Amino acid sequence: MTANFTENELRSMNEIPHPSLPAGTRLYGETKVFPDYKANPGEKFLALIHGIAHESSLSYVAVLQAIRAQRKGYETAIYFYGTGAMNALATRGFPTVGNAAFGGQLNTNEGLATFIKEGGKVYVCRFGLGLHGLREEDLIEGTIPVHPLDLQDCLIEYSRAGAFILSTFQI
């Protein structure tokens with residue numbers, strides 16, 4: 001069935017020709033300004049994530065940054081706390097677990113699976129789980145549940161090791 005458009009709707013739709021640029025047209029340059037740094041022996045990277053799954057790209061981008069740091073040779077860990085704990089659930093999906101109701105629904109799960117498979121550690125605060133009624137048994141396999149008091153000591157440990165700490169926070 002075809003929509004019945006008014007004259008003004010058609011005029012509005014046709015003011016700018018579409019597509020304005022054909023697929024494959026370069027919109028942005030690709031010059032990388034900074035060197036592609038690699039980790040020096042023993043260097044660490046910690047991604048500290050306090051962000052709600054799917055409410056912004058914050059959590060997912062932090063996971064991608066951790067994967068990239070790991071591939072650069074850093075000993076890398078992700079620490080989910082507060083609302084961030086919900087990012088580590090294996091029960092995501094709709095109408096059944098593991099089925100994406102929309103494109104990208106499982107991006108974080110897939111990113112974490114890749115990160116863990118490639119040797120990264122994922123810590124998940126038990127208090128963050130409890131705040132939201134989330135069950136520890138529903139965590140992604142390979143994640144490490146941690147006590148709420150571990151957050152500060154994790155930061156101290158990574159700080160003392162001279163780690164790069166990526167701290168993300170979403171309200």
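The following paragraphs go through a predicted model, from its sheet to the helices on it and then to two individual residues.

The sheet is open and has five strands, in the order β4-β3-β2-β1-β5, with parallel pairing. At its edges stand β4 (144-146) and β5, each with a single partner strand, so one side of each has no neighbour in the sheet. From one strand to the next, the twist averages 20°. In general, the strands of a sheet pair through backbone hydrogen bonds, in either a parallel or an antiparallel manner. Here β1 and β5 run parallel and are joined by six bridges. Across this pairing, A47 stands opposite L166 in β5.

Two helices can be followed on the sheet. Helix α2 packs on it and touches β1, β2 and β5, with a direction that makes about 170° with that of β1. Helix α3 also packs on the sheet, touching β2 and β3 (121-125), and its direction makes about 140° with that of β2.

Helix α2 covers residues 58-71, which is 14 residues; at 1.5 Å a residue they should span 20 Å, and the end C-alpha atoms are indeed 20 Å apart. Its buried residues are S59, A62, V63, A66, I67, A69 and Q70. Viewed down the axis of α2, the buried residues fall within an arc of 165°, and they therefore line one face of the helix. The elements that cover these buried residues include β1, β2 (75-80), α3 (107-117) and β5 (164-169). After α2 comes G73, which has a positive phi, near 105°.

Next, a residue in the sheet. H50 is found in strand β1. With a relative accessibility of 13%, H50 counts as buried, because the cut-off is under 20%. The side chain of H50 makes a polar contact with the side chain of T83, at 3.4 Å. Neighbours within four places in sequence aside, H50 is in contact with L58, Y81, G82, T83, G84, T168, F169 and Q170.

P41 gives a second case. This residue is found in the loop between α1 (7-14) and β1 (44-50). P41 has a relative accessible area of 83% and is therefore exposed, the cut-off for that being over 50%. In sequence, P41 and Y74 are 33 residues apart, while in space their C-alpha atoms are 8.1 Å apart.

Conventions
Residues numbered from 1 in each chain as written. Predicted model: local features only at pLDDT ≥ 70, side-chain atom pairs only at ≥ 80, totals over all residues. Heavy atoms only, no water. Helix = DSSP H or I, 4+ residues; strand = E, 2+ residues; numbered from the N terminus. Buried < 20%, exposed > 50% of the residue type's maximum accessible area, 1.4 Å probe, protein only. Expected span 1.5 Å × (residues − 1). Arc of directions from axis to C-beta. Contact = heavy atoms within 4.5 Å. Polar contact = N/O pair within 3.5 Å; in protein donor to acceptor, adjacent residues only side chain to side chain. Pairing = 2+ DSSP bridges. Axes fitted to C-alpha atoms, helices over the stretch in contact; angles between N-to-C directions.
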